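Here is a briefing on one protein chain. Keep the sequence and the structure in view while reading.

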Amino acid sequence: MSKDVFAEVQRLGAMIRELREIRGMSANDLADATCLSTSVISNFERGQTDIHLSTAIQLLRYMVLTLADIGEANVFDGFAIIDWAEKAYRFVDDQRVLKRIMVRLAQKEHLFCPEQVLETIIMLRLGQPVRADEELFSYFEDIETFLSFDAYLVLLARPYLPAWLVQHIGKKLGTCSSQQVPIVQIAQEQYHQIVS
């Protein structure tokens with residue numbers, strides 16, 4: 001492997017580590033989700049080893065990222081979905097706050113998948129013409145582990161989701177290992193009422 005190519009691999013590992021830390025995830029969390037060893041993940045993040053592309057895609061998928069996201073030079077600057085989703089949840093009935101979040105989303109050069117979902121949900125909450133379509137549904141259907149912002153998103157989106165998907169989310173929340181996060185517990189309680 002040429003020095004230039006390995007430098008790219010090292011940058012990818014560093015970006016994955018940065019995003020993992022921003023989201024409050026440990027290397028053990030990634031190891032559990034991907035069936036890799038913690039040492040393989042740590043060595044990759046530190047740029048000491050390479051991994052297969054399929055393994056890198058698996059790590060990205062767990063963190064709700066795509067290769068297109070990685071292709072953006074500054075995608076990790078200001079991963080604001082955590083703050084925006086919380087604020088939208090706290091001020092769900094305040095259209096001024098929701099509109100300000102929409103302005104911030106519009107200012108971003110590239111939106112992560114969860115940010116695109118938040119944008120759709122806020123548009124729905126503001127009564128703007130937008131479809132709650134397959135892209136929105138597939139995001140929630142494919143979630144394996146609910147992180148804080150995912151829990152905010154499911155609570156915000158609940159009125160716009162079909163009954164089958166609400167039940168599906170409720171079942172996944174019931175088996176969620178992130179129960180120590182308070183907002184995930186709140187989402188579990190609300191969705192548990194539907195599944196029971």
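M102 sits in helix 7. The model is predicted. Around this residue, the briefing moves to the chain as a whole and then to the packing of its helices.

**M102 and its surroundings**

- M102 has a relative accessible area of 15%, which is under the 20% cut-off, so it counts as buried.
- Beyond its neighbours within four places in sequence, M102 is in contact with E119, I122, M123, L126 and Q128.
- M102 and T120 lie 18 residues apart in sequence. Their C-alpha atoms are 9.7 Å apart in space.

**The chain as a whole**

- The chain holds twelve helices and zero strands.
- Read from the N terminus, the order of elements is α-α-α-α-α-α-α-α-α-α-α-α.
- The chain has 196 residues, and 44% of them count as buried.
- Take the contacts between residues at least 6 apart in sequence: 64% of these join residues at least 24 apart.

**Helix 6: two faces**

- Helix 6 spans residues 81–90, and its buried residues are I81, W84, A85 and A88.
- These buried residues cover an arc of only 95° around the axis, which puts them on the same side of helix 6.
- The general rule is that an α-helix has 3.6 residues a turn, so residues three or four places apart point the same way.
- On the face turned away from the buried side, helix 6 carries the exposed residues D83 and R90.
- The buried residues of helix 6 pack against three partners: helix 7 (95–107), helix 8 (113–125) and helix 10 (148–157).

**Helix 10: enclosed**

- Nine of the ten residues of helix 10 are buried, so this helix is largely enclosed by the rest of the structure.
- The buried residues are F149, D150, A151, Y152, L153, V154, L155, L156 and A157.

**Helix 8 against helix 10**

- The axes of helix 8 and helix 10 come within 10 Å of each other and cross at roughly 25°.
- That angle is under 35 degrees, so helix 8 and helix 10 count as roughly parallel.
- The crossing of helix 8 and helix 10 is left-handed.
- Helix 8 brings P114, V117, L118, I121 and R125 to the contact. Helix 10 brings F149, L153, L155, L156 and A157.
- By class, the residues of this contact of helix 8 with helix 10 are nine nonpolar, no polar and one charged.

**Helix 8 against helix 9**

- Helix 9 covers residues 134–142 and packs with helix 8 at an angle of about 125°. The two axes are 10 Å apart.
- Helix 8 and helix 9 are therefore oblique to each other.
- Helix 8 passes helix 9 in a left-handed crossing.
- On the helix 8 side, the contact uses C113, P114, Q116, V117, T120, I121 and L124. On the helix 9 side, it uses E135, L136, Y139 and F140.
- The contact of helix 8 with helix 9 has eight nonpolar residues, two polar and one charged.

**Helix 8 in both contacts**

- P114, V117 and I121 of helix 8 take part in the contact with helix 10. P114, V117 and I121 also meet helix 9.
- T120, one of the helix 8 residues that meet helix 9, is the residue whose C-alpha lies 9.7 Å from that of M102.

Definitions and conventions:
Residues are numbered from 1 along each chain as its sequence is written. This is a predicted model: local features need pLDDT of at least 70, side-chain atom pairs count only at pLDDT 80 or more; totals for chains, interfaces and linings use all residues. Side-chain values use heavy atoms; hydrogens and water are left out. Buried means under 20% relative accessible area, exposed over 50%, partly exposed in between (1.4 Å probe, protein chains only). Helices (H or I, at least four residues) and strands (E, at least two) are DSSP runs, numbered from the N terminus. The arc is that of the directions from the helix axis to the C-beta atoms. Contact means heavy atoms within 4.5 Å. Axes are lines fitted to C-alpha atoms, for helices over the stretch in contact, and angles run from 0 to 180 degrees between N-to-C directions. Angles under 35 degrees count as roughly parallel, over 145 as roughly antiparallel, 65 to 115 as roughly perpendicular and the rest as oblique. A crossing is left-handed if the near helix is turned anticlockwise from the far one by less than a right angle, and right-handed if clockwise. Ala, Val, Leu, Ile, Met, Phe, Trp, Tyr, Cys and Pro count as nonpolar, Asp, Glu, Lys and Arg as charged, and the others, Gly among them, as polar.
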